[in-house]
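Got your viewer open? Here is a short walk through one model, stop by stop, with something to select at each.

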Amino acid sequence: MNLLNKAIKFVYGFCWHPSVLGDTDSPDSDFLGPHGVSAATVGVSALAQDLFNFEITRQVPEGLSNRVDSERKAQASCYKKLLVAWRASNPPPKTPEEASRLVLQTLKKHPKADVEGLLKFYGLPLAPTPVETTAEVPVALPQGVVFELHTIPVDARSVTDGDGITVYVSTSDPRESCLIPQEVQIAARERSEARDQRDYTRADALHKSIVDAGYRVINVQNEEVLARKYRIRLRGIDAPEGPMPYGKEAKDELTKIVEGKRLRVLVYGEDQYGRSVGDIYCNGDFVQELMLKKGMAWHYTAYDKRAELAEKNARAERVGLWASPNPEKPWQWRKKNKREGR
């Protein structure tokens, strides 16, 4: 059984039929490590999945009654409150400490024994450690952020132009683990089994169904990872289109910045083409600002008023597209070519 098969079996089996954590002698305990989910963090994914299931079925997980004394009706009340709190959190909990803090805050009026029993059920700490912050790291996400993504390493072919990129997020991420469609989980598991049996025709057909659903199996450091696809439009900038002067240069520059890197993406919403509009950070650098400083994009002031995105330095130094005395604006180029039917 290969690594992805183990991971999918774990996510499918645990998240849909969770059991009490802590059995380190279990023969399936090796499912945790290879896919990037440790015994310390898997409880977060399991809680997220159980809340997702509760929203659909209104059923609390089997086995919870072994940890708490309350009746099923009271248990359902707890999960209803946790579901509301989880949906309202921005971003949702990603670590055991964050998940434990949400549970304790949401269920503070419930019996202590029941709350602690629920935490033990998911292997979450009973008293999470305080959050430590520094001046460089904001306590909360900027206003307007809908959710946050942490990608797997970016492939150069995923860069579409100077302001567009396709990224993939591992489904072992707590946010993603509870959003995987059941048919994708099943197809991924069956694909792994088909590859183990050297039935590559069936494996390829199953992978096509996974891709059609917006997911993909990607090899990351010799490990197969099931990942979800996101198309990202860089917020606040507009790079030259491909046929325009500096269109190719802008794409090449963005590729050079992100290729092989893991990105942090703060998503603010969607554009008219269904792309997630967001800010991208790479190794601590703000990617949009890098593109502007290198003269590879315009600050799209019609939609973004942030002063730090101004391209005045690039203009003054005549770098990139500003080497031309009067470069054509991308939005005007698109309007003209649409009108002329090109």
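How many residues does helix H3 have, and how far does it reach from its first C-alpha to its last? Select residues 72-88 and you have the whole of H3, with 17 residues and a reach of 24 Å between those two end atoms. That is close to the 24 Å expected at 1.5 Å a residue. Keep in mind as you go that this is a predicted model.

**Stop 1: the buried residues of H3**

Now show side chains for Gln75, Cys78, Tyr79, Leu82, Leu83, Ala85 and Trp86, which are the buried residues of H3. To see what they pack against, add three more helices: H2 (42-57), H4 (96-106) and H5 (112-121).

**Stop 2: H2 against H3**

Hide the rest for a moment and keep H2 and H3. Their axes are 10 Å apart, and the packing angle is about 105°, which means that H2 is roughly perpendicular to H3. For the contact itself, select Val44, Leu47, Ala48, Asp50, Leu51, Phe52, Phe54 and Glu55 on the H2 side. On the H3 side, pick Ala76, Tyr79, Lys80, Leu82, Leu83, Trp86 and Arg87. Colour this contact by class and you get 11 nonpolar and four charged residues, with no polar ones. Tyr79, Leu82, Leu83 and Trp86 may look familiar: they are among the buried residues of H3, and they are also among those that meet H2.

**Stop 3: H4 against H5**

Next, bring back H4 and H5. Are they roughly parallel or roughly antiparallel? These two pack at an angle of about 160°, with axes 10 Å apart, so H4 is roughly antiparallel to H5. The crossing of H4 past H5 is right-handed. Select Ser100, Val103 and Leu104 in H4, then Val115, Leu118 and Leu119 in H5, to see where the two helices meet. By class, this contact has five nonpolar residues, one polar and no charged.

**Stop 4: Leu321**

Last, jump along the chain to Leu321, in the loop between helix H11 (312-317) and helix H12 (330-339). Is this loop residue buried or exposed? Leu321 counts as buried, because its relative accessibility is 3%, and the cut-off for buried is under 20%.

What surrounds Leu321, once its neighbours within four places in sequence are left aside? Select Pro240, Tyr246, Gly295, Met296, Ala297, Trp298 and Pro327, and you have its contacts. For a distance to display, try the C-alpha atoms of Leu321 and Trp298: they are separated by 9.1 Å, with the two residues 23 apart along the chain.

Notes:
Residues numbered from 1 in each chain as written. Predicted model: local features only at pLDDT ≥ 70, side-chain atom pairs only at ≥ 80, totals over all residues. Heavy atoms only, no water. Helix = DSSP H or I, 4+ residues; strand = E, 2+ residues; numbered from the N terminus. Expected span 1.5 Å × (residues − 1). Buried < 20%, exposed > 50% of the residue type's maximum accessible area, 1.4 Å probe, protein only. Contact = heavy atoms within 4.5 Å. Axes fitted to C-alpha atoms, helices over the stretch in contact; angles between N-to-C directions. Parallel < 35°, antiparallel > 145°, perpendicular 65-115°, else oblique. Nonpolar A, V, L, I, M, F, W, Y, C, P; charged D, E, K, R; others polar. Left-handed = near helix turned anticlockwise from the far one by under 90°.
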